[in-house]
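Colleague: I have the structure open and would like to go through how it is put together. Can you take my questions as they come?

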Amino acid sequence: MAAKTTYDFDMMLSNAREAYGEELYKMACEGKDFVFTFSDNVAPSSSAGKLLRDFPERCFNFGIAEPDQVGASAGLALAGCTVFSQIFGPFLPLRAADQIHTDIAYNDVKVRLKEFGAETLIGIGGGKVVDSVKAAAFKCRLLNEVIIPTIAATDAYTSAASCIYGEETHMMIEAINSPKNPDLVLVDTEILLNAPVRQFVSGMGDALSTYVGGLVCQQNYLNNHHGGVGTHSALAIAKLSYDMLFQYGRQAKLAAEKKAISDAFNAIIEVNILMSGMGFENNGSSSDHSFYFGTLALPNREEYVYHGEGVAFSTCCQLVMQGASNEQLDEVYRFCRDVGLPITFDDMHLSDLTDEEFDIMTRAALDQAFIHNQPFEVTYEKVLGAYKAADAIGHLYHEGGSLL
Ligand SMILES: [Zn+2]
């Protein structure tokens with residue numbers, strides 16, 4: 001069944017506030033250079049209030065003079081202090097913008113600015129940026145999340161989930177499932193048109209996995225990412241996104257290369273950002289990402305592919321493992337080959353894999369919870385066999401061959 005990390009919202013809120021205050025107190029205890037600046041916004045009974053009681057010589061209240069607070073904080077930091085500055089959220093950008101720009105940013109001064117009472121977090125960027133913003137908004141229990149994609153490379157934008165990756169291994173180490181999706185996903189076609197074509201294509205690879213993974217969950221009454229069984233409408237969205245890839249994907253790539261807005265380009269943006277996000281979340285995931293995550297466990301191998309590129313090959317592996325028809329494999333492999341998504345290990349820059357490396361990948365893939373979302377037992381032999389057979393089929397298609 002789907003493994004998921006869930007959080008108690010009220011618990012998170014009280015824990016976050018307490019953890020913040022405790023961390024400030026710890027820094028005051030540990031570092032003689034620690035300074036805390038604030039603006040009439042620390043309640044004596046709060047966890048940060050303890051700091052004021054025990055370390056009054058390190059706490060400076062600027063009242064309602066936020067610009068002075070930011071300027072003085074920058075000066076203290078330049079003098080070698082570790083400064084934590086707490087300001088009401090709206091007043092920070094509205095009243096102290098000049099000091100943030102001139103005193104802090106321009107001089108590259110390290111001042112920790114804590115927006116107190118902020119209600120909205122805006123994430124502008126790709127999947128990892130947006131996932132970080134969604135996770136931060138959830139953990140801080142902010143009311144609103146606004147997402148502005150700058151590439152159409154993954155289905156992270158509309159999803160409530162945030163994938164957290166390890167710094168060293170690049171393996172996904174945590175999936176944070178917020179109870180709510182972003183409040184606004186603002187898609188500007190012109191921004192996406194100027195994004196690298198390879199990332200646009202990568203988004204199609206991520207979208208390709210949505211129906212393939214979701215269908216297995218639906219057919220076998222497995223949980224979706226919200227902990228329930230998906231609806232018919234959810235599956236219809238996933239199926240539509242899958243069909244639209246084959247219908248518009250090749251055209252869309254050509255349009256993207258010419259920076260030309262066309263119906264096909266817009267259709268694939270809808271697929272990559274909206275439909276794939278809704279599709280995977282509401283139907284559930286199966287082995288579609290796991291084979292890719294397995295490759296990330298390889299030591300001393302360059303991480304060459306983007307998320308969606310690796311997922312495209314991973315989806316091929318899943319289809320091979322579950323005995324998909326020649327017709328379906330032919331459709332998927334042709335599509336991937338035509339738009340430039342990986343269908344072999346060579347395409348992933350993982351040539352000449354040793355037996356030991358296959359072993360590492362296979363074990364890492366088997367460690368992924370979702371790979372077991374199948375109606376059959378997913379064994380070591382099945383995963384290893386799927387890796388090798390999927391790669392062989394990919395070579396067949398690169399050489400102009402066909403399964404039909
Ligand atoms: Zn993905």
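Modeller: We can take domains, then the sheet, then two helix pairs.
Modeller: This is a predicted model, where local features need pLDDT of at least 70, side-chain atom pairs count only at pLDDT 80 or more, and totals for chains, interfaces and linings use all residues. Residues are numbered from 1 along each chain as its sequence is written.

Colleague: Which domains does the assignment give?
Modeller: Domain 1 (9-116), domain 2 (120-185) and domain 3 (196-398). The bounds come from an automatic or database domain assignment.

Colleague: How many residues do domain 2 and domain 3 put into their contact?
Modeller: Domain 2 gives 18 residues and domain 3 gives 24 residues; two residues are in contact if their C-beta atoms, placed from the backbone, lie within 7 Å. The centres of the two domains, taken over C-alpha atoms, are 21 Å apart.

Colleague: What is the side of domain 2 that touches domain 3 made of?
Modeller: That side has 10 nonpolar, 7 polar and 1 charged residues. Ala, Val, Leu, Ile, Met, Phe, Trp, Tyr, Cys and Pro count as nonpolar, Asp, Glu, Lys and Arg as charged, and the others, Gly among them, as polar.

Colleague: New topic. What is the strand order in the open sheet of 3 strands?
Modeller: The order is 5-6-9, with parallel pairing. Strands (E, at least two residues) and helices (H or I, at least four) are DSSP runs numbered from the N terminus, and two strands pair if DSSP finds at least two bridges between them.

Colleague: Why do strand 5 and strand 9 each have one side without a neighbour?
Modeller: Strand 5 (120-125) and strand 9 (184-185) are at the edges and each has a single partner strand, so one side stays free of a neighbour in the sheet. Strand 5 pairs with strand 6 (residues 144-149) over 6 bridges, and G123 stands opposite I147 in strand 6.

Colleague: Which helix packs on that sheet, touching strand 5 and strand 6?
Modeller: Helix 6 (residues 127-139), whose direction makes about 170° with that of strand 5. Axes are lines fitted to C-alpha atoms, for helices over the stretch in contact, and angles run from 0 to 180 degrees between N-to-C directions.

Colleague: And helix 14 against helix 15, at what angle do they pack?
Modeller: Helix 14 (residues 355-366) and helix 15 (residues 380-398) pack at about 120°, with axes 9 Å apart. That makes helix 14 oblique to helix 15 (under 35 degrees is roughly parallel, over 145 roughly antiparallel, 65 to 115 roughly perpendicular, the rest oblique). Among the contact residues are F358 and M361 of helix 14 and Y380 of helix 15.

Colleague: How do helix 9 and helix 10 cross?
Modeller: The axes of helix 9 (residues 232-257) and helix 10 (residues 263-283) come within 8 Å and cross at roughly 150°, so helix 9 is roughly antiparallel to helix 10. Their contact has 18 nonpolar, 7 polar and no charged residues.
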